[in-house]
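Thank you all for coming; I would like to take you through one structure slowly, beginning with its metal sites and moving on to its pockets and strands. Please have the model open while I talk.

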Amino acid sequence: MIFDLHVHTSASDGVNTPEQVVLKAVDSGLTGLAITDHDTVDGLETAQRFIESNRFNIEFIPGIELNTDSDEDDLHILGYYINYYDEHLINRLMEVQAQRRQRAEQIVNKLQAIGLDISFEQVKNMTKGDLIGRPHIARAIHQAGYALSAREAFQEYIARDMPGYVKRYKFTPGEAIELIKKAGGISVLAHPGLIKNSYKINEIIKLGIEGIEAYYPEHSSTQIQEFIGLAQNHNLLITGGSDFHGEGSPESRNHLGSAFINEVMFKQIREYYKYKK
Ligand code: AMP
Ligand code: ZN
Ligand code: FE
Ligand code: FE
């Protein structure tokens, strides 16, 4: 049984709509699916309703992925079973979305300054929801003919240290964990294997994180074992997922179910949640 607990939709920077993601999950035979869009909950109600109205036999976990601030490291905090109507959460997400929009405009200005004929309108056209991320800009650069693929566009123009890069506002790890907690959710450290300064993992544990994403496409089997051990030592939940963004996305993460947890691990998460509630 496959539980993929890390999946993006077009509500953030995924390629597929929430309905398309659900259909793919059903077709791929997943037992459970968590949608974890960046800084938005907009796809969750749609996905949940779509599953219910079609009576699909798949367990749905409403989630989110919050990018947090930490100098050169991207610390991403996943939240599971969040109440996506939580007012405080929604207000903070709307602020961050507005800041993302300003940042996208700054990136477009920088690209224009180095001679790319790209408008903010073209970038906006790549989005399906209210959230703008760099992958949308990468797709616009590719479509305008300045790169052979969206991935190449990302790497050559807007990746860290590239001419179009602009930092964006992020939550602090502490606030992300608090927001998820207040919205009734479980907080999990995403892809710890991508964190360069590993002492930061311990800082996040001290802040009260409740789980570790051990299974992840870019984790080696050694890393998976290491993170399972870490979770066990600190009495934390073990999670995993593919970070699916859709085929043709500028990500390496384009296979639904390419990383997952099994039923035993999933039940531990669900029981923990029920007990906590
Ligand atoms: P943003 O939150 O707007 O800064 O964009 C971050 C998104 O870009 C995340 O989904 C990352 O997985 C993706 N991303 C980060 N670095 C790269 C890269 N080098 N190539 C393609 N996608 C990337
Ligand atoms: Zn993404
Ligand atoms: Fe992430
Ligand atoms: Fe992700």
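Before I come to any metal, let me say what I count as a donor: an N, O or S atom within 2.8 Å of the metal, or 3.2 Å for Na, K and Ca, and because water is not among the atoms, sites may look incomplete. I should also say early that this is a predicted model, in which local features need pLDDT of at least 70 and side-chain atom pairs count only at pLDDT 80 or more, while totals for chains, interfaces and linings use all residues. Residues are numbered from 1 along each chain as its sequence is written, chains are lettered from A and ligands numbered from 1 in the order in which they are written, and side-chain values use heavy atoms, with hydrogens and water left out.

Let me start with the zinc ion (ligand 2), which lies 5.0 Å from the iron ion (ligand 4). The protein donors of this zinc ion are two OD atoms of Asp13 together with NE2 of His38 and NE2 of His245, at 1.9 to 2.5 Å. His38 sits in the loop between strand E2 (32–35) and helix H2 (44–54), and His245 in the loop between E7 and H10, so that the pair links parts of the chain 207 residues apart; helices (H or I, at least four residues) and strands (E, at least two) are here DSSP runs, numbered from the N terminus. His38 is buried, with a relative accessible area of 10%, and His245 is buried too, at 2%, where buried means under 20% relative accessible area, exposed over 50% and partly exposed in between, with a 1.4 Å probe and protein chains only.

Now to the iron ion (ligand 4), which is coordinated by NE2 of His6, NE2 of His8, an OE atom of Glu65 and an OD atom of Asp243, at 2.1 to 2.2 Å. Why is the arrangement around this ion called irregular? The 4 donor atoms subtend angles of 81 to 168°, and that makes it irregular, given that four donors count as tetrahedral if all angles lie between 85 and 135 degrees, that four count as square planar and six as octahedral if opposite donors are over 155 degrees apart and all others between 65 and 115, and that anything else is irregular. Among these donors, Glu65 in strand E3 (residues 59–68) and Asp243 in the loop between strand E7 (237–240) and helix H10 (263–276) are 178 residues apart, and both are buried.

Which residue bridges the iron ion (ligand 3) and the iron ion (ligand 4)? The bridge is Glu65, and the two ions lie 3.4 Å apart. The iron ion (ligand 3) is coordinated by Glu65 through OE, His76 through ND1 and His191 through NE2, at 2.1 to 2.2 Å. His76 lies in strand E4 (residues 75–80) and His191 in the loop between strand E5 (186–189) and helix H8 (199–206), so this pair ties together parts that are 115 residues apart in sequence. His76 is buried at 9% relative accessible area, and His191 at 3%.

Strand E3, which holds Glu65, is mostly covered, with 9 of its 10 residues buried. E3 pairs with E2 in the parallel sense over 4 bridges, and 6 bridges join E3 to E4, running antiparallel; two strands pair, in this usage, if DSSP finds at least two bridges between them.

Finally, the pockets, of which the largest has a volume of about 870 Å³. On a 1 Å grid over the protein atoms alone, a pocket is an open set of points with protein on both sides within 12 Å along at least five of seven lines, where a 1.4 Å probe that fits but cannot get out marks a cavity instead, and lining residues have an atom within 4 Å of a point. Of the 33 residues that line the largest pocket, the closest to its centre are Asp74, His76, Arg134, Phe154 and Arg253. H6 gives the largest share of that lining, 3 residues. The second largest pocket has a volume of about 150 Å³, and H3 gives the most to its lining, with 4 residues. Both volumes are the space filled by probe spheres set on grid points joined across faces, edges and corners.
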